[in-house]
Amino acid sequence: AFPSSTPYLHLETPRFRTVMTQTEVTATCVVHSAYDANVSWLLDGKDPTSRTQVNQASSTTQSISSNLTLPSSQWKTLNTITCRAEHRCFKPTQKTSNVEG
């Protein structure tokens, strides 16, 4: 019924200035999908630690927004951040961004 079951991911990372002036920063991943996908995050290819806060909300039936909040000090040590969407109706899809430290 849907033309493409593969979701489109949009990953938004905090600006350099925000990282340098705030104690916490937030990255946002928006998953555009017809399905209620499970969104997860990887920091340098690993699962986030317990200090990392993740909030997920379905804004509409067509998109899911997930916010990852972590201390600026931790963000500065990262090389990559990955947002991953999974659902049984499509192959796992991910988007990775290089973090400029």
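## Reading the numbers

Let's start with burial: a residue is called buried when its relative accessible area is under 20%, exposed when that value is over 50%, and partly exposed in between, using a 1.4 Å probe and protein chains only. With that in hand, glutamate 86 comes out as partly exposed at 30% relative accessibility.

Keep in mind that this is a predicted model, so local features need pLDDT of at least 70, side-chain atom pairs count only at pLDDT 80 or more, and totals for chains, interfaces and linings use all residues. Residues are numbered from 1 along each chain as its sequence is written, and side-chain values use heavy atoms, with hydrogens and water left out.

## How sure is the model?

The predictor's confidence in each residue is called pLDDT and goes from 0 to 100. The protein chain averages 87 on that scale, and 87% of its residues score at least 70. Confidence isn't even along the chain: strand 1 (residues 8-12) has the highest mean, at 95, while strand 4 (residues 53-58) has the lowest, at 73.

## The overall layout

Helices (H or I, at least four residues) and strands (E, at least two) are DSSP runs, numbered from the N terminus. The protein chain has two helices and seven strands, and reading from the N terminus their order is β-α-β-β-β-β-α-β-β.

Of the chain's 101 residues, 37% count as buried. As for the outside, the chain exposes about 6,400 Å², with 46% of that supplied by carbon and sulfur atoms; these areas come from the Shrake-Rupley method with a 1.4 Å probe, and for residues only the protein chains shown count as cover. Now for contacts, meaning heavy atoms within 4.5 Å. Among contacts with a separation of 6 or more, 60% are between residues 24 or more positions apart.

## Strands 2 and 5

Strand 5 (residues 63-71) is largely enclosed by the rest of the structure, because seven of its nine residues are buried. Two strands are said to pair if DSSP finds at least two bridges between them. Strand 5 pairs with strand 2 in the antiparallel sense, over nine bridges. One of the matches is threonine 28, whose bridge partner in strand 5 is asparagine 67.

## The disulfide

A disulfide here is a pair of cysteine sulfur atoms within 2.5 Å, and the structure holds one. The bond joins cysteine 29 to cysteine 83, S to S at 1.8 Å. These two sit in distant parts of the chain, 54 residues apart: cysteine 29 is in strand 2 (residues 24-32) and cysteine 83 in strand 6 (residues 80-87). The link is left-handed, with -75° about the S-S bond. Both cysteine 29 and cysteine 83 are buried. Cysteine 89, on the other hand, is partly exposed, with a relative accessible area of 35%.

## The salt bridge and asparagine 38

Side chains of opposite charge can pair when their charged atoms come close. A salt bridge means a side-chain nitrogen of Lys or Arg within 4 Å of a carboxyl oxygen of Asp or Glu. There is one in this structure, and it brings together the side chains of arginine 84 and glutamate 86, at 3.7 Å from N to O. Arginine 84 is partly exposed, at 24% relative accessible area.

Both of these residues turn up again around asparagine 38: leaving aside neighbours within four places in sequence, asparagine 38 is in contact with Gln56, Arg84, Ala85 and Glu86. Asparagine 38 lies in strand 3 (residues 38-43) and is partly exposed, at 45%. From asparagine 38 to glutamine 56 is 18 residues in sequence and 9.1 Å in space, C-alpha to C-alpha.
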